[in-house]
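Open the model in your viewer and keep the selection tool at hand. The tour goes from the whole chain to single residues.

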Amino acid sequence: MQGRGSYGGLVAAGGLRALKGLCADDRVPRSVHTSFFGPVGEQPIEARGQVVRRGRFLTHARVDVMQGDGVAAQVTATFADGRDSGVAVDGPTRPQRPGPDGLVDMPYVEGLTPTFTQHFAYRWTEGTMPFSGGTEPRLGGWCRHRTDPGPDRHAAVLGVLDAWPAPVVPLMKRPGPASSVTWTTTFFDVPAVFDPEQWWWLGSEALHARDGYAGTRALLYAPDGSLVASMEQLVVIFDRPAA
């Protein structure tokens, strides 16, 4: 949980898993878009999915995440077969940063850090800690699952991507929520096997923040340094400046 709702990575991963089962083929997810309409509580959810279109190479599908009497979130995904192409562009290389060995894990503090963070290990490499009143809207560091994320490598990647706070949270001067409204992920070179014992590096920044909303962008790199995924979010910030 993250406050009164489940953290977004869990909701998005659950939606993606439902869509994979609905499509029932070997096409690989290339992008996932999640809209959060409200907090998803601890109660069971129901996934109501639909294949919107299945073409020669692409499949588009969506699922409504139901809880109670309403739709709590919607996850849409594009699945695609690989195609022969002469165009190849390598992603940006991972920045040179200290490795995870020798860095200290961010502690889990009950009642202060979100409940779900106890299931991840974090080692900061840049930016300030959450709620420290920092001046730079960015953060970066190493992260890995503390528990088995399961056999779905794309769902495991979504979990690591959303494990980090939004890069505007370090600018806040006291604890307060910052919640995703929309979240779009594009997958690139996702390893065939997700090793939960390995460290993944994420760097994120806020592109703009005003009027209680922020647009953010993040890049996630595999243990071997290859670019795995990108993420863009619209985040609502629940802070109030001191009088």
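Start at D152. This is a predicted model, and D152 sits in the loop between β6 (138-145) and α2. Is D152 buried or exposed? Its relative accessible area is 15%. The cut-off for buried is under 20%, so D152 counts as buried.

Show the side chain of D152 and look towards the helix. What does D152 do at the N-terminal end of α2? D152 caps that end, with a side-chain oxygen 3.0 Å from the backbone nitrogen of H154. Now add A155. The side chain of D152 also reaches the backbone nitrogen of A155, at 3.1 Å.

**Helix α2**

Select residues 153-161. This is helix α2, and 8 of its 9 residues are buried, so the helix is largely enclosed by the rest of the structure. Colour the buried ones: H154, A155, A156, V157, L158, G159, V160 and L161. Two of these, H154 and A155, are the residues whose backbone nitrogens you just met at D152.

**The whole chain**

Zoom out and switch to cartoon. Count 2 helices and 10 strands. Their order along the sequence is α-β-β-β-β-β-β-α-β-β-β-β. The radius of gyration is 18 Å, close to the 18 Å that the globule rule gives for 243 residues, so the chain is as compact as a globular protein of that length. Along its principal axes, the C-alpha trace spans about 55 × 45 × 35 Å.

Colour by accessibility next. Buried residues account for 41% of the 243 residues. Then turn on the surface. The chain exposes about 13,200 Å², and 51% of that comes from carbon and sulfur atoms. Pick out the charged side chains: 23 are positive and 25 are negative. The centres of the two sets lie 4 Å apart.

How far along the sequence do contacts reach? Take contacts between residues at least 6 apart in sequence: 67% of them join residues at least 24 apart.

**R30 in strand β1**

Select R30 for an example of contacts. R30 belongs to strand β1, which covers residues 28-36. R30 is partly exposed, at 35% relative accessibility. Which residues does R30 touch, leaving out those up to four places away in sequence? They are T78, F79, A80, D81, G82, T185, T186 and F187. Show A80 in sticks: the side chain of R30 reaches the backbone oxygen of A80 at 3.2 Å.

Now draw a distance from R30 to P98. The two are 68 residues apart in sequence, and their C-alpha atoms are 30 Å apart in space.

**Two positive phi values**

Open a Ramachandran plot. Most residues other than glycine have a negative phi. Two stops on this tour have positive values: A24 and F131.

Go to A24 in the loop between α1 (8-23) and β1. Phi of A24 is near 50°. A24 counts as exposed, at 64% relative accessibility.

Move on to F131. Phi of F131 is near 60°. F131 lies in the loop between β5 (120-126) and β6. Its relative accessible area is 22%, and F131 is partly exposed.

Finish by following β6 on from F131. The loop after β6 holds D152, the residue that caps α2, and the tour is back where it began.

Technical notes:
Residues are numbered from 1 along each chain as its sequence is written. This is a predicted model: local features need pLDDT of at least 70, side-chain atom pairs count only at pLDDT 80 or more; totals for chains, interfaces and linings use all residues. Side-chain values use heavy atoms; hydrogens and water are left out. Buried means under 20% relative accessible area, exposed over 50%, partly exposed in between (1.4 Å probe, protein chains only). Helices (H or I, at least four residues) and strands (E, at least two) are DSSP runs, numbered from the N terminus. A polar contact is a pair of N or O atoms within 3.5 Å; within protein, one must be able to donate a hydrogen and the other to accept it, and residues adjacent in sequence count only if both atoms are side-chain atoms. The radius of gyration is taken over C-alpha atoms; the globule rule is 2.2 Å times the number of residues to the power 0.38. Contact means heavy atoms within 4.5 Å. Accessible areas come from the Shrake-Rupley method with a 1.4 Å probe; for residues, only the protein chains shown count as cover. Lys and Arg count as positive and Asp and Glu as negative; His and the chain ends are not counted. The place of a charge is taken as NZ of Lys, CZ of Arg, CG of Asp or CD of Glu.
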